[in-house]
Amino acid sequence: MAAREIAPDTPELRERWGSFAFTAENKAKADKHIAKYPEGRQKSAVMPLLDLAQRQVGADTDTQGWLPLPVMEYVADYLGMPIIRVLEVATFYTMYNLAPVGKFHVQVCGTTPCMLRGSDDIIAACKKRGMKAGHVSDDGLWSFTEVECMGNCATAPMVQINDDNYEDLTAERLDVVLDALAAGETPKAGTQEPGRHTSEPAGGPTSLTEMVTENHDYRGDW
Amino acid sequence: MPKVTVDGQEIEVPAGATVLQACELAGKEIPRFCYHERLSIAGNCRMCLVEVKPGPPKPQASCALPVGEGQEIRTDSEMVKKAREGVMEFLLINHPLDCPICDQGGECDLQDQAMAYGRGASRYHENKRAVTEKYMGPLIKTIMTRCIHCTRCVRFSEEIAGADEIGALYRGEDMQITTYLEHAAKHELSANVIDLCPVGALTSGPYAYEARPWELKKTLSIDVSDAVGSNIRIDSRGREVLRALPRINDDVNEEWISDKARYQVEGLTRRRLDKVWIRKRGKLSEASWDEAFKKIAAAKPGKAIAAIAGDMVDCETMFAAKALLKACGSSLVESRQTGMDYDVSNLAAINFNSTFAGIEQADAILIVGSMVRWEAPLVNVRLRKAVKNGAKVFVVGPEWETTYPATFLGEDVSVLSNLPAEAVDALKAAEKPAIILGGAGFAMGGHAAAVKIAHDFNMVKDGWNGFNALHMAAARMGAVMLGFAQEGGIKDIVAAKPKVVLALGADEVDFSQFEDALKVYIGHHGDKGAHAADIILPAAAYTEKPGTYVNTEGRVQMADKAVFAPGDAREDWTILRALADALKVEVGFDSFDDLRAAMTTEVPALANEGEIADYGTLAASVKGDTTPSGAIAYPIKDFYLTNPIARASVVMQRCSNELVLGETMAEAAE
């Protein structure tokens, strides 16, 4: 697992984020999350709230977003829970970024199925663009993390960029995706294999073949 | 009550018990790291694996498994042996092999259990994990590479201390125990995590590299830093006390002690009075015992002799002083140094009647003028438990940081005669209502009003006594039992114009009241009392003499002598005995045993070690105004510096600077 470190507590950090507060829209969302839990258990909403906070920081900085310490303190305060408990949650789950990231956070899966299907090439392609672990590229666009299994083994190798997965990659296909992102476009998420829709077997379906074009009632065949 | 079989032995265990508890009842030792009787169950160390049938065919963590009827538990099978060896091998993978330089060595759970349940050798040849040290304040030294992630410290600070400040960051192999941004652990019980830590990750900072456990002489003692009377063990080597550790006593301190109780012993070697001093022309100069006694005799006190007892003296010393004064024909004895004059005619009205264990059952508690967290940290732990059980707490006095939800009713003691509806309703509805009257409450004259409230809200009934006085001085209850109190407090003594005033470790007295008297300080530390004294007679601190102490709930406890007093210092009673000869009076005892026998003849309750003295029923009313007024101010301004021993301790000074005054000390200072 990638080593993660909390961004240091500096006066600059305090100055930049010390006055962080949810926007009206996020506040409404946060309160909706909190309302899901019974009285006295409000702190159970810490995970969605941290996510909201991370997204708001992302919107402010035009990146994927991350969690500066004052922001975590704000969330702790919002839920009336000790800050150390919030920090425990934020450091446990890798989808909370503890340090600034770029506009696009490229998370490459390097676990065995992806590795067997060529994730090394994907990583090399990322490195070629100047990405390296725990670092934001000079243009502020990219940050890179090698992660463990993201559950897309059927369409390996894959990367996750912000909220979308891009699967069935080769170095070339990844370049197309990254170029499109850099150009401000929205490339198609999911599999990049031409002719493939989702994670059906490569080379066409081998079972339930009648179901491909229309809904078929198999019950008569039993 | 389910019946289970442990290693072929059939036993009945209470419903809801865990398999681990069942095994313990059967007399089997189950190794464990994360499980602790007084903390919640975590089940993360896996050391307590046993074989349980019926169930999955694999070893199970006994600490987290409730017993079921007819379970067959095996702790001696091949499976269990292998499981323990496996867990131990995994735990040791990332544990450094630094026992020779580790302070936990000799009292380390991991070391002991590795010997008893581990394999002989390691099969691990990769690099070990290393973790950076974390700063946790001046008391706790951390070597986090040794941590095995049992999370006892996290659970302690969250559940017992009520200060959520230690946490486990990151996950898996990267998990690290730390405080938020490595701030110092800032509560009064923080150092208990040192005892809880089963390995050498959290060790005692001030005691670092001082001694090995097997070199130490262990003496059973009683803590005198507050009126709780925590049971402690004094570990000494040669003539030096090296550390104080808690002893288990479920009625008093469970198994915790405050940081002050633990670390004030460091002050026992500093600023000590180890010679006789006499003030000559305004300046103290060294003298002999003979000179000092002659000078006291030359003052010809006759009946005009008074004794004021300090906060940490034992009953024997006070009794000896009282006997001396009685022989001189005087009864001018007082222990409430700061001039308080509450009514002591009914001891039940100045006692913590609910008892510490009992207060946990209270369901509505009114605290009057007590910052419990600083005045009696271990009572605060009990109050936290009561609140967890559903009790409501109301506080009269300035706000302080409680470790449980509490409602502050105002700073003025006049609130007592006009309680807000919220408090009235809660106290009326409560089955076991209680009131806790602290030192500041006494000082503002809240005594009579508190007794009235106790009766008004029916706090004293069959099987429950909710009237509680929370004192701060270890000597207080013993002193009043021995009659060490005047009706008008110290004012009466001043009015009697004594020629000689014996200050028995009394450091909080305003000695300017006794300008014409010869002030004789009999004590162990060069503090305020010694500064004001004309003659200083060096005496023994609480670790250097046997003694009887009565805590604020009236529990009589005895401490043993751990070490000898330094230099010329003598045990207090021998000084008073010698003084009797100098004054040519007869006190009637020549040995400590005689003294104790004489004392228990006069106050028989003092002979019942460990028991709560019977003070009878709470008086219907006590002397004083039932409608007092005035703003309450807590007497303790600094938790770490409340007595001369603590004030002499460098460790306590540092705690005070860093934790109370907030001065940031460089971490480099270690």
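These legends describe close-up views of a predicted model with chains A and B.

**View 1. Chain A holds eight helices and five strands.** From the N terminus on, the elements run α-α-α-α-α-β-α-α-β-β-β-α-β. The C-alpha atoms of chain A fill a box of roughly 60 × 50 × 30 Å along the principal axes.

**View 2. Five strands of chain A form an open, mixed sheet.** The strand order is 2-1-3-4-5. Strand 2 (142–147) and strand 5 (190–191) of chain A each have a single partner strand, so one side of each is left without a neighbour in the sheet. At one of these edges, strand 4 (residues 164–167) of chain A runs parallel to strand 5 of chain A. Two bridges join this pair. Look for A:Tyr166, whose bridge partner in strand 5 of chain A is A:Gly190.

**View 3. Helix 7 and helix 8 of chain A touch strands of the sheet.** Helix 7 (residues 119–128) of chain A lies across strand 1 (104–109), strand 2 and strand 3 (159–161) of chain A. Its direction is at about 155° to strand 1 of chain A. Helix 8 (residues 171–182) of chain A packs on the sheet too. Helix 8 of chain A touches strand 1, strand 2, strand 3 and strand 4 of chain A. The direction of helix 8 makes about 5° with that of strand 3 of chain A.

**View 4. Five strands of chain B form an open sheet.** Here the order is 2-1-5-3-4, with mixed pairing. Which strands stand at the edges of this sheet? They are strand 2 (9–12) and strand 4 (60–61) of chain B. Each has a single partner strand, so one side of each has no neighbour in the sheet. Strand 3 (residues 49–53) of chain B pairs with strand 4 of chain B in the antiparallel sense, over two bridges. B:Val50 stands opposite B:Gln60 in strand 4 of chain B. Helix 2 (residues 78–93) of chain B lies across strand 3 and strand 5 (72–74) of chain B. This helix runs at about 150° to strand 3 of chain B.

**View 5. Loops of both chains carry backbone features to check.** Most residues other than glycine have a negative phi, and most peptide bonds are trans. In chain A, a cis peptide bond joins A:Ala156 and A:Pro157, with omega about -5°. A:Pro157 lies in the loop between strand 2 and strand 3 of chain A. In chain B, a cis peptide bond joins B:Lys53 and B:Pro54, with omega about 0°. B:Pro54 is in the loop between strand 3 and strand 4 of chain B. A:Asp62 is not a glycine, yet has a positive phi of about 55°. Find A:Asp62 in the loop between helix 3 (46–61) and helix 4 (69–79) of chain A.

**View 6. Chain B meets chain A through 15 residues of chain B and 19 residues of chain A.** The area buried between the chains is about 1400 Å². Carbon and sulfur atoms give 63% of that area. Which three residues supply the most of the area that chain B buries against chain A? B:Tyr170, B:Arg171 and B:Tyr180 supply 53% of it.

**View 7. The second largest pocket holds about 750 Å³ of space.** Its lining counts 46 residues. B:Asp311, B:Met472, B:Glu508, B:Pro635 and B:Thr642 lie nearest the centre. Helix 10 (372–375), helix 13 (439–443) and helix 20 (644–648) of chain B give two or more residues each. Helix 13 of chain B gives the most, with four residues. By class, the lining has 24 nonpolar, 10 polar and 12 charged residues.

**View 8. The largest cavity holds about 90 Å³ of space.** The model has five cavities of 30 Å³ or more. Of the 14 residues that line the largest cavity, B:Cys147, B:Cys150, B:Cys153, B:Cys197 and B:Ala201 lie nearest its centre. The lining divides into 11 nonpolar, two polar and one charged residue.

**View 9. The second largest cavity holds about 70 Å³ of space.** Lining residues include B:Ile160, B:His187, B:Glu188, B:Arg373 and B:Arg384. Helix 4 (152–161) and helix 11 (377–388) of chain B each supply at least two lining residues. Helix 11 of chain B gives the most, with four. Five of the lining residues are nonpolar, three polar and three charged.

Terms used. Residues are numbered from 1 along each chain as its sequence is written. Chains are lettered from A and ligands numbered from 1 in the order in which they are written. This is a predicted model: local features need pLDDT of at least 70, side-chain atom pairs count only at pLDDT 80 or more; totals for chains, interfaces and linings use all residues. Side-chain values use heavy atoms; hydrogens and water are left out. Two strands pair if DSSP finds at least two bridges between them. Contact means heavy atoms within 4.5 Å. Axes are lines fitted to C-alpha atoms, for helices over the stretch in contact, and angles run from 0 to 180 degrees between N-to-C directions. On a 1 Å grid over the protein atoms alone, a cavity is a set of points where a 1.4 Å probe fits but cannot get out, and a pocket is an open set with protein on both sides within 12 Å along at least five of seven lines; lining residues have an atom within 4 Å of a point. Grid points are joined across faces, edges and corners, and a volume is the space filled by probe spheres set on the points. Ala, Val, Leu, Ile, Met, Phe, Trp, Tyr, Cys and Pro count as nonpolar, Asp, Glu, Lys and Arg as charged, and the others, Gly among them, as polar. Buried area is the accessible area (1.4 Å probe) that two parts lose on being put together, summed over both.
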